[in-house]
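This report introduces a structure to a reader who has not met it before. Please view the sequence and the model alongside the text.

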Amino acid sequence: MSAPTTALRMPPGAVVLDRPAEALLEGVDAPGHGEGGPASKRIVVGFGFWVFILSDIVMFSAFFAAHAVLGGATAGGPGAAQLFDLRNVAIETALLLLSSFCCGMASLAVEQRRELFTQLALAATGLLGLGFLLLEIHEFADLVARGAGPSRSAFLSSFFALVGCHGAHVTAGLLWLGTMMAQFRAKGFRPDIRRRYLCFSLFWHALDIIWVAIFTLVYLIGVRT
Amino acid sequence: MSEQAWNALSGGVGDVAPGQSDEDGRGRLAAGLRSYFIGLALAVALTAASFWAYGTHLIYGPGVPIALVTLALAQMGIHLVFFLHITTAPDNTNNVLALAFGVLIVCIVVFGSLWIMAHLDHMNSAMSQMTGMPQ
């Protein structure tokens, strides 16, 4: 009953899809800009995650603003110059930068579909990130032990909020990294897994950009002034 | 059909996803490696310059924070271009526009907060001087 009706309504030359239209777009490199149809799923996913990263950076900017405003509000307690060990900060910076670089190496290995290199580069990314995180936890524990915990002054509250928020992002990134390693292992270089990895690499590189702002504004300029 | 073939046929320019140097990146290993190594070298140099500028007496003291902020901005640019592959190329227009909007909001939040709080602080201390109240 319904089949002839459909045939009547179809314009001449129309094609009946035997699968969702989305499946046809998989692997099609439509260039976007309104030419050749919608942009490919990889571009849409990457752009959407890029917008999330930017909103995350906007959130960090509020913590930076709070820290900048409260930088001098030490309530008679210790200030940045008495508390921070810049050698530790330099090591943390080096670890996170190398971790970001290894993440880039993993991106290249994923593009080349090299399983072993992908896993090795991701493991290096994770270990360097873990080293950064352990140094930061050590620094926080040391500060709290010296009586300079987040409740000591508004300056320290804003410091722990800002740097701790970055550390929480690194922790989440490490969990995501472990998931990516397991998924590459179990599912291979499927398009959806590679899209997920594109998002992870954006996230990890963005965390390094935030850290550049932290080591400059919170540590170097904080200790000088 | 590859994106390049599309562009050749349509005469248009495509888009790339953020974090990607080219449409699919396959077979461009040497270029990719070069990009990441240049980025790492520049980032290391700028980080080292930041820590050097912190400790040096060669820069006029009050100018050091400005030097540090400049170096940090330069390093963020290096990270964006060489690690995140956000460039000014036509295929990156969407990504750069989103970034520009993000930077605008960040500037409003940070400089707006500093301005308002400094103003409030100024008013507060003027008021407490007038009334003789402690701050």
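The following paragraphs treat chain B, its contact with chain A, and then selected helices of chain A.

The model is predicted. Chain B contains 4 helices and 0 strands, and its pattern along the sequence reads α-α-α-α. The chain has 135 residues, of which 28% count as buried. Where contacts in chain B join residues at least 6 apart in sequence, 45% of them link residues at least 24 apart.

The contact between the chains involves 51 residues from chain B and 44 residues from chain A. On the side of chain B that touches chain A, the elements giving two or more residues are α1 (3-10), α2 (29-55), α3 (64-83) and α4 (93-131) of chain B. The most is given by α4(B), with 12 residues. By class, this side of chain B comprises 30 nonpolar, 17 polar and 4 charged residues.

Two helices of chain A are set out below with their lengths and spans.

| Helix | Residues | Span, first C-alpha to last | Expected span at 1.5 Å a residue |
|---|---|---|---|
| α8(A) | 34 residues | 49 Å | 50 Å |
| α6(A) | 31 residues | 44 Å | 45 Å |

Helix α8(A) covers residues 191-224. Because 26 of its 34 residues are buried, α8(A) is largely enclosed by the rest of the structure. A kink of about 25° occurs in α8(A), centred on Ile214(A). Leaving aside residues up to four places away in sequence, Ile214(A) touches Leu162(A), Val163(A) and His166(A).

Ile214(A) also has a place in the largest nonpolar core: of its 82 residues, Leu202(A) and Ile214(A) touch the most other members. Elements of both chains give two or more residues to this core, namely α3 (41-70), α4 (80-83), α5 (86-111), α6 (115-145), α7 (154-187) and α8 of chain A, together with α2 and α3 of chain B. The greatest contribution to this core comes from α8(A), with 21 residues.

Helix α6(A) spans a distance close to that expected for its 31 residues. Its buried residues include Thr118(A), Ala121(A), Leu122(A), Thr125(A), Gly126(A) and Leu128(A), as well as Gly129(A), Phe132(A) and Glu136(A). An α-helix has 3.6 residues a turn, so residues three or four places apart point the same way. The buried residues of α6(A) pack against α5 and α7 of chain A. Just after α6(A), Gly147(A) adopts a positive phi of about 80°.

Terms used:
Residues are numbered from 1 along each chain as its sequence is written. Chains are lettered from A and ligands numbered from 1 in the order in which they are written. This is a predicted model: local features need pLDDT of at least 70, side-chain atom pairs count only at pLDDT 80 or more; totals for chains, interfaces and linings use all residues. A residue is buried if 20 or more other C-beta atoms lie within 10 Å of its own, exposed if 12 or fewer, and partly exposed in between; C-beta atoms are placed from the backbone. Two residues are in contact if their C-beta atoms, placed from the backbone, lie within 7 Å. Ala, Val, Leu, Ile, Met, Phe, Trp, Tyr, Cys and Pro count as nonpolar, Asp, Glu, Lys and Arg as charged, and the others, Gly among them, as polar. The expected span of a helix is 1.5 Å times one less than its number of residues. The bend at a residue is the angle between axes fitted to the seven residues ending there and the seven starting there. A nonpolar core is a set of buried Ala, Val, Leu, Ile, Met, Phe, Trp, Tyr and Cys residues joined through C-beta atoms within 7 Å.
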